[in-house]
Amino acid sequence: MRAFTHSELAQYDGREGRPGYIGVHGNVYDVSEVPEWEGVHGSVVGHDLSDVTYQEAARKYSPISKLPLIGKLVD
């Protein structure tokens with residue numbers, strides 16, 4: 001499993017053909033192929049969403065249990 005820093009995660013914002021990843025509680029998930037996450041690329045995608053923001057996004061877009069785990073978020 002790949003390790004991502006916060007700076008590296010920010011590169012995966014789903015814009016201009018890049019994949020979209022999010023960090024949640026130390027894990028990194030791929031939201032690129034999840035239709036519910038389209039349209040939020042660049043706003044929350046590419047960020048660590050461990051705080052309240054993720055909980056709001058999960059209710060609106062897709063629960064974490066449905067997202068592919070692809071890595072770990074490191075400092």
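This report describes the fold, the sheet and the surface of one protein chain.

## Overall fold

The model is predicted. Its protein chain has two helices and four strands. Along the sequence, these elements follow the pattern β-α-β-β-α-β. The pattern thus begins with a strand and ends with a strand.

## The sheet

The four strands form an open sheet. Their order across the sheet is 1-4-3-2, and the pairing is mixed. Strand 1 covers residues 2-4, and strand 2 covers residues 21-24. Both stand at the edges. Each has a single partner strand, so one side of each is left without a neighbour in the sheet. From one strand to the next, the twist averages 40 degrees.

In general, strands of a sheet pair through backbone hydrogen bonds, in either a parallel or an antiparallel sense.

## Strand 1 and strand 4

Strand 4 spans residues 69-73. Strand 1 pairs with strand 4 in the parallel sense. Three bridges join the two. One bridge can be followed by residue: F4 has L73 in strand 4 as its bridge partner.

## Contacts, burial and surface

How much of the chain is buried? Buried residues make up 41% of the 75 residues.

Contacts across the sequence can be counted too. Take the contacts with a separation of 6 or more. Residues 24 or more positions apart account for 68% of them.

The accessible surface of the protein chain comes to about 4400 Å². Carbon and sulfur atoms hold 48% of that surface.

Terms used:
Residues numbered from 1 in each chain as written. Predicted model: local features only at pLDDT ≥ 70, side-chain atom pairs only at ≥ 80, totals over all residues. Heavy atoms only, no water. Pairing = 2+ DSSP bridges. Axes fitted to C-alpha atoms, helices over the stretch in contact; angles between N-to-C directions. Buried < 20%, exposed > 50% of the residue type's maximum accessible area, 1.4 Å probe, protein only. Contact = heavy atoms within 4.5 Å. Areas by Shrake-Rupley, 256 points an atom, 1.4 Å probe, with all protein chains shown as cover.
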